[in-house]
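Colleague: I am new to this one and would like to learn how to read it. Could you walk me through it step by step?

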Amino acid sequence: AEKISYKIITDTNILISYLIGKKLKSLRNLFEKENIEFIINEKLIEEFVRKVTLPKFRNYFEVDKALN
């Protein structure tokens with residue numbers, strides 16, 4: 001059987017929710033088991049970097065870890 005590949009277009013809110021939430025953590029297993037490609041662009045990356053460096057997120061994760 002041929003393995004299906006997926007392309008996912010996401011936004012900054014989903015990425016940040018993944019970092020701070022418990023419900024989306026189960027997505028990691030899906031990403032490791034399936035053939036998934038994230039579709040992102042430079043504007044999304046810039047917005048993500050700008051948002052994760054906000055003081056309100058410092059209680060949830062270390063910025064260095066979020067950016068790696």
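Colleague: Let me start with a loop residue. Where is T10 found?

Modeller: T10 sits in the loop that links β1 (5-9) to α1 (12-20). Keep in mind as we go that this is a predicted model.

Colleague: Does T10 count as buried or exposed?

Modeller: The idea is to compare its relative accessibility with a cut-off: buried means under 20%. T10 has 14% relative accessibility, so it counts as buried. As for its surroundings, T10 is in contact with L15, F38, I39, I40 and L44, leaving aside neighbours within four places in sequence.

Colleague: L44 belongs to α3, I think. Which residues of helix α3 are buried?

Modeller: A general idea helps here: an α-helix has 3.6 residues a turn, so residues three or four places apart point the same way. In α3, which covers residues 42-52, the buried residues are L44, F48 and V52. They span an arc of only 55 degrees around the axis, which puts them on the same side of α3.

Colleague: And which residues are exposed on the other side of α3?

Modeller: There you find E42, K43 and R50, which are exposed. Look at the start of α3 as well: a side-chain oxygen of N41 comes to within 3.1 Å of the backbone nitrogen of K43.

Colleague: How should I read a nonpolar core, and which residues form the largest one here?

Modeller: In soluble globular proteins, nonpolar side chains tend to be buried together. In this model, the largest nonpolar core has five residues, namely I16, F48, V52, F57 and F61. Two of these names, F48 and V52, we already met among the buried residues of α3. Try selecting F57 too: apart from residues up to four places away in sequence, F57 touches I16, I20, K51 and V52.

Colleague: What about E62, where does that lie?

Modeller: E62 is in the loop between α3 and α4 (63-67). With 49% relative accessibility, E62 counts as partly exposed. The C-alpha atoms of E62 and V52 are 8.9 Å apart, while the two residues are 10 residues apart along the chain.

Colleague: Now let me step back. How many helices and strands are there in the chain?

Modeller: The chain has four helices and two strands, and from the N terminus on the elements run β-α-α-β-α-α. Its C-alpha atoms fill a box of roughly 50 × 25 × 15 Å along the principal axes.

Colleague: And how much of the chain is buried?

Modeller: Of the 68 residues in the chain, 16% are buried.

How values were computed:
Residues are numbered from 1 along each chain as its sequence is written. This is a predicted model: local features need pLDDT of at least 70, side-chain atom pairs count only at pLDDT 80 or more; totals for chains, interfaces and linings use all residues. Side-chain values use heavy atoms; hydrogens and water are left out. A nonpolar core is a set of buried Ala, Val, Leu, Ile, Met, Phe, Trp, Tyr and Cys residues joined through side-chain atoms within 4.5 Å. Buried means under 20% relative accessible area, exposed over 50%, partly exposed in between (1.4 Å probe, protein chains only). Contact means heavy atoms within 4.5 Å. The arc is that of the directions from the helix axis to the C-beta atoms. A polar contact is a pair of N or O atoms within 3.5 Å; within protein, one must be able to donate a hydrogen and the other to accept it, and residues adjacent in sequence count only if both atoms are side-chain atoms.
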